[in-house]
Amino acid sequence: LAELPAPLLPPIVLMSYRAPVLAFGADRLPAALRGAGVAGLLVPDLRPAEEAQLRRALDATQLALLQLITPGLPPAELAQRVGRARGFVYAATGGVTGGELHVDAELLAWLDRVRALTDLPVCAGFGIRDAAQVAALAATYGSPLRARAALDPPPVGRGASPRHMRV
């Protein structure tokens, strides 16, 4: 990533699991991410203490620690995760990428509850695989599938900070 031309648009968000993040070191990871032009990180299996440590390190360099949420989260945990999100909230709508997903009233009601908890963009993903599903979500949620950089004004330097991210 460090060899790509700057500025990178749209912002790059990396997803990793906790083991490589912890092995690399939460203290040195933010500088490496920033140097490579990365704007945010998604680590779905972090434990609370690990998340707090990584969040402090990322916040110090204005990098986003994104939150992955699922319909099965208890309401209190959903509110906590959404409240800790930076950049955008990644709403895993069900299944696996490319798997079966039913865009129904229950899913849309859940996305409404998520959106009511935050002013950040809520990006729907996992299981969305065809134009009909995209259209069903887009009819209510605009651009539900991806985060992109705000182009006015463009960010300065490599990458973009979370405040430049929108859906």
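Helices here are DSSP runs of H or I with at least four residues, strands are E runs of at least two, and both are numbered from the N terminus. This is a predicted model, in which local features need pLDDT of at least 70, side-chain atom pairs count only at pLDDT 80 or more, and totals for chains, interfaces and linings use all residues. Residues are numbered from 1 along each chain as its sequence is written, and side-chain values use heavy atoms, with hydrogens and water left out.

**View 1. R55 sits in helix α3, which covers residues 48-60.** Its relative accessibility is 11%, so R55 counts as buried; the cut-offs are under 20% relative accessible area for buried, over 50% for exposed and partly exposed in between, with a 1.4 Å probe and protein chains only. Leaving aside residues up to four places away in sequence, R55 touches L65, Q67, R84 and R86. A contact here means heavy atoms within 4.5 Å.

**View 2. Helix α5 runs over residues 105-116.** Take its length to begin with: twelve residues at 1.5 Å each should span 16 Å, and the end C-alpha atoms are indeed 16 Å apart. That expected span is 1.5 Å times one less than the number of residues. Now for the sides: L107, W110, L111 and V114 are buried in α5. Looking down the axis, these buried residues fall within an arc of 100°, so they line one face of the helix; the arc is taken from the directions from the helix axis to the C-beta atoms. A105 and A116, on the other side of α5, are exposed.

**View 3. R113 also belongs to helix α5.** With a relative accessible area of 47%, R113 is partly exposed. Its C-alpha atom is separated by 9.5 Å from that of P75, although the two residues are 38 apart along the chain.

**View 4. R28 puts its charged end over the ring of F24.** The distance to the ring centre is 4.0 Å. To count as sitting over a ring, NZ of Lys or CZ of Arg has to be within 6 Å of the ring centre and within 35 degrees of the ring normal.

**View 5. Pulling back, the whole chain has six helices and seven strands.** Read from the N terminus, the elements go β-α-α-β-α-β-α-β-α-β-α-β-β. Of the 167 residues in the chain, 43% are buried. Among contacts with a separation of 6 or more, 67% join residues 24 or more positions apart.
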